[in-house]
Amino acid sequence: MSTGPTLRVYLGPGEEPSGNGPDDAVSSGAADPRPFRSRRRNRHGRGLRGELIPAHLAGFRSRSERFDTWVLESAQRLERLWGESIQSYQFVVQDIPPGLEELAAAHGNIPFGAGTPAAGPKPAVITVYRHPIESAARGLVPVSELIHDVVVEQLATLIGMDPETVDPTYGRFRPL
């Protein structure tokens, strides 16, 4: 699995660019000595532009950031129940499952998550797929509870137990 592109930020004279990326040529030149706040645009004399949504409001984070937070909260809930034995598991969020086109063409069930057992030095991985979960919730079930159910199902499969044994609150938000 590739980690994708990375970004290196050059903050100023205390930190030297590494010379590894295309941004280093830009950052090693004469930087604007003004602080960030004074460099912000002042369109049409209407004052400095600020954040569109303040940080204390729910809309400040993107949907993917909220989803990542819900997966983390689910892992923390399980850690409170099971202790440090859960810390050996790695939780990963992906947008869509691999081979989604073939599954959709064959009218197969689209998975919400996947569990990969530990192999040698690699830890066990629980993968949660964001788009299938968000489309399945559609206001019928809180997305955070559906995420927790998926994480519990995958952990129960890896451990070899029933989901109700892993977390007694499993399935309480399922529509009838």
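**Exercise 1. Strand pairing**

How many bridges join β2 to β3, and do the two run parallel or antiparallel? Work out the pairing around β3 in this predicted model.

*Solution.*
- Start with β2: four bridges link it to β3, and the two strands run antiparallel.
- To place that pairing in the sequence, look at Thr116, which stands opposite Val125 in β3.
- Now turn to β1, residues 90–94: five bridges join β1 to β3, and here the strands run parallel.
- A residue pair to look up for this pairing is Val93, which sits opposite Val128 in β3.

**Exercise 2. How enclosed is β3?**

Find out how many residues of strand β3 are buried, and which way they point.

*Solution.*
- Strand β3 covers residues 125–129, and five of the five are buried.
- Sort them by direction: Val125, Thr127 and Tyr129 point one way from β3, while Ile126 and Val128 point the other way.
- Both sets are buried, with the cut-off being under 20% relative accessible area.
- With five of five residues buried, β3 is therefore largely enclosed by the rest of the structure.
- For the background, 23% of the 176 residues of the chain count as buried.

**Exercise 3. α3 against α6**

Describe how helix α3 packs on helix α6: give the distance, angle, handedness and residues.

*Solution.*
- Two numbers come up first, since packed helices are described by the angle and the distance between their axes.
- The axes of α3 (residues 63–82) and α6 (residues 143–159) come within 9 Å and cross at roughly 50°.
- That angle makes α3 oblique to α6.
- The crossing of α3 past α6 is right-handed.
- On the α3 side, the contact uses Phe67, Trp70, Val71, Ser74, Arg77 and Leu78.
- Across from them, α6 brings Val143, Ser144, Glu145, Ile147, His148, Val151, Val152 and Leu155.
- Classify the residues of this contact and you get nine nonpolar, three polar and two charged.

**Exercise 4. α5 and its surroundings**

Which residues of helix α5 are buried, and what do they pack against? Then characterise the contact of α5 with α6.

*Solution.*
- Helix α5 spans residues 130–137, and its buried residues are Arg130, Pro132, Ile133 and Ala137.
- These buried residues pack against α3, β1, β3 and α6.
- Take α6 from that list: the axes of α5 and α6 come within 10 Å and cross at roughly 125°.
- The two helices are therefore oblique to each other, and their crossing is right-handed.
- In the contact, Ile133, Ala136 and Ala137 of α5 meet Val143, Leu146, Ile147 and Val150 of α6.
- The tally for this contact is seven nonpolar, no polar and no charged.
- Right after α5 comes Arg138, with a positive phi near 40°.

**Exercise 5. A backbone oddity**

Where is His107, and is it buried or exposed? Say what stands out about its phi.

*Solution.*
- Place it first: His107 lies in the loop between α4 (100–105) and β2 (113–116).
- Most residues other than glycine have a negative phi.
- His107 is not a glycine, yet its phi is positive, about 55°.
- His107 has 71% relative accessibility and so counts as exposed; the cut-off is over 50%.

**Exercise 6. The whole chain**

Write down the order of helices and strands, then say how much of the contact count is long-range in sequence.

*Solution.*
- Count the elements: there are seven helices and three strands.
- Along the sequence they follow α-α-α-β-α-β-β-α-α-α.
- Among contacts with a separation of 6 or more, 52% come from residues 24 or more positions apart.

Technical notes:
Residues numbered from 1 in each chain as written. Predicted model: local features only at pLDDT ≥ 70, side-chain atom pairs only at ≥ 80, totals over all residues. Heavy atoms only, no water. Axes fitted to C-alpha atoms, helices over the stretch in contact; angles between N-to-C directions. Parallel < 35°, antiparallel > 145°, perpendicular 65-115°, else oblique. Left-handed = near helix turned anticlockwise from the far one by under 90°. Contact = heavy atoms within 4.5 Å. Nonpolar A, V, L, I, M, F, W, Y, C, P; charged D, E, K, R; others polar. Buried < 20%, exposed > 50% of the residue type's maximum accessible area, 1.4 Å probe, protein only. Pairing = 2+ DSSP bridges.
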